[in-house]
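Here is a walk through one protein chain, from its overall build to single side chains. Keep the structure open as you read.

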Amino acid sequence: LANPRYRAQLADAEAAAVVVRAADADACPRACLVAPDPYVAFAKIAALFDTPPSGTASVHPTAVIASDAVIAESASIGPHCVVESGARVDAGATLGPHCIVGRDCVVGARSHLVARVTLVIRVQLGQRVLIHPGVVIGADGFGLAFETNATDHGSWIKVPQLGGVRIGDDCEIGANTTIDRGAIEDTVIEEDVRLDNQIQIAHNVRIGAHTAMAGCSAVAGSATIGRYCLIGGGAGILGHLTVADRVTV
């Protein structure tokens, strides 16, 4: 019982046990577990029943590993993965099917790339990072310069993206989310940031620790989002803006 508006339903609840705050315990006709925050308690209880597949330390025979890539003995590399030159996969990390770890990328210890994840170039993942299918990290930032000339209306010139992406420990990146690498310096996602599905993070963005962003939100280039922020679905943060800590959009 996390939301007090449902308190009246306790009387008819058929659950074997209910997690409640102390103030609601007397109203519960069933066995109850009293917790300061029932939703947090439920999350910890549910984790006991969650049985994610644990990769065994192995390299699948269809994987393609560069000769100078460094793969920890306890890492698991799944079918049809590619690990390119200069890349490193640390202890206990798991690459699911069809993942690509590009040049000079690092997959931190006990991180899990579920399937079809692409780390393009110069991406550093911290420890225990969970990345869901279809994510692309380290693709080109959208850097363009428009050159005019006397003979026609002009044309775009691509600005090379020379930076990388750094993602801190304990982050989670939802399916089909994209995080671009920086133009000169890195795009930075600090520790314990949670990104939902189909989010766009542009080049040179910095997202502070413990911030959570819901699906289809987007952050334009060189914006800074503080710590402990909550960004709702579909919200957009314009480029070069700074959002302070603990802001809800």
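Start at an aromatic side chain. Trp156 has a relative accessible area of 57%, so Trp156 counts as exposed. This is a predicted model. A search of the whole structure finds one aromatic pair. The ring centres of Phe146 and Trp156 are 5.0 Å apart, and the planes meet at 75 degrees, so the pair is edge-to-face. The two rings come from distant parts of the chain, ten residues apart. Phe146 sits in strand S17 (residues 144-147), and Trp156 sits in strand S18 (residues 155-158). Phe146 is partly exposed, because its relative accessible area is 44%.

A second aromatic ring has a charged side chain above it. Arg246 lies over the face of Tyr228. The distance to the ring centre is 4.2 Å.

Now step back to the whole chain. The chain contains one helix and 31 strands. Its C-alpha atoms fill a box of roughly 80 × 50 × 25 Å along the principal axes. Of the 249 residues, 39% are buried. The exposed surface of the chain is about 13300 Å², and carbon and sulfur atoms supply 56% of that area. Take the contacts in the chain with a separation of 6 or more: residues 24 or more positions apart account for 13% of them.

Next, the sheets. Strands of a sheet pair through backbone hydrogen bonds, either parallel or antiparallel. One open sheet holds nine strands, in the order S4-S7-S10-S13-S16-S21-S24-S27-S30. The pairing in this sheet is parallel. Strand S4 (64-65) and strand S30 (236-237) are the edge strands, and each pairs on one side only.

Follow some of the pairings along that order. Strand S7 (residues 82-83) runs parallel to strand S10 (residues 100-103), and two bridges join them. Val83 has Val101 in S10 as its bridge partner. S10 also pairs with strand S13 (residues 118-121), in the parallel sense and over three bridges. Here Arg103 stands opposite Ile121 in S13. Further along, three bridges join strand S16 (residues 136-139) to strand S21 (residues 178-180), again in parallel. Ala139 stands opposite Asp180 in S21.

Another open sheet of nine strands has the order S3-S6-S9-S12-S15-S20-S23-S26-S29, with parallel pairing. Strand S3 (58-59) and strand S29 (230-231) stand at its edges. Each has a single partner strand, so one side of each is left without a neighbour in the sheet. Within this sheet, strand S20 (residues 172-173) pairs with strand S23 (residues 194-195) in the parallel sense, over two bridges. Glu172 has Arg194 in S23 as its bridge partner.

The loops between strands deserve a look too. Ser111 lies in the loop between strand S11 (106-107) and strand S12 (112-113). Is Ser111 buried or exposed? Its relative accessibility is 1%, so Ser111 counts as buried. Setting aside residues up to four places away in sequence, Ser111 touches Gly92, Ala93 and Thr94, and also Gly126, Gln127, Arg128 and Val129.

Ala223 is another loop residue, placed between strand S27 (218-219) and strand S28 (224-225). Ala223 counts as buried because its relative accessibility is 0%. What does Ala223 contact, leaving aside neighbours within four places in sequence? Its contacts are Asn204, Val205 and Arg206, together with Ile237, Leu238, Gly239, His240 and Leu241. His240 is 17 residues from Ala223 along the chain, yet their C-alpha atoms are separated by 4.3 Å.

Finish with the cysteines. How many disulfides does the structure hold? The count is zero. Why is Cys99 not bonded to Cys81? The closest cysteine sulfur to that of Cys99 is in Cys81, at 4.8 Å, and this is too far for a bond. A disulfide needs the two sulfur atoms within 2.5 Å. Cys99 is buried, with a relative accessible area of 0%. Cys171 is in no disulfide either, and the nearest cysteine sulfur, that of Cys229, is 14 Å away. Cys171 has 1% relative accessibility, so Cys171 also counts as buried.

Technical notes
Residues numbered from 1 in each chain as written. Predicted model: local features only at pLDDT ≥ 70, side-chain atom pairs only at ≥ 80, totals over all residues. Heavy atoms only, no water. Helix = DSSP H or I, 4+ residues; strand = E, 2+ residues; numbered from the N terminus. Buried < 20%, exposed > 50% of the residue type's maximum accessible area, 1.4 Å probe, protein only. Contact = heavy atoms within 4.5 Å. Pairing = 2+ DSSP bridges. Phe/Tyr/Trp six-rings, centres within 6.5 Å; stacked < 30°, edge-to-face > 60°. Lys NZ or Arg CZ within 6 Å of the ring centre and 35° of its normal. Areas by Shrake-Rupley, 256 points an atom, 1.4 Å probe, with all protein chains shown as cover.
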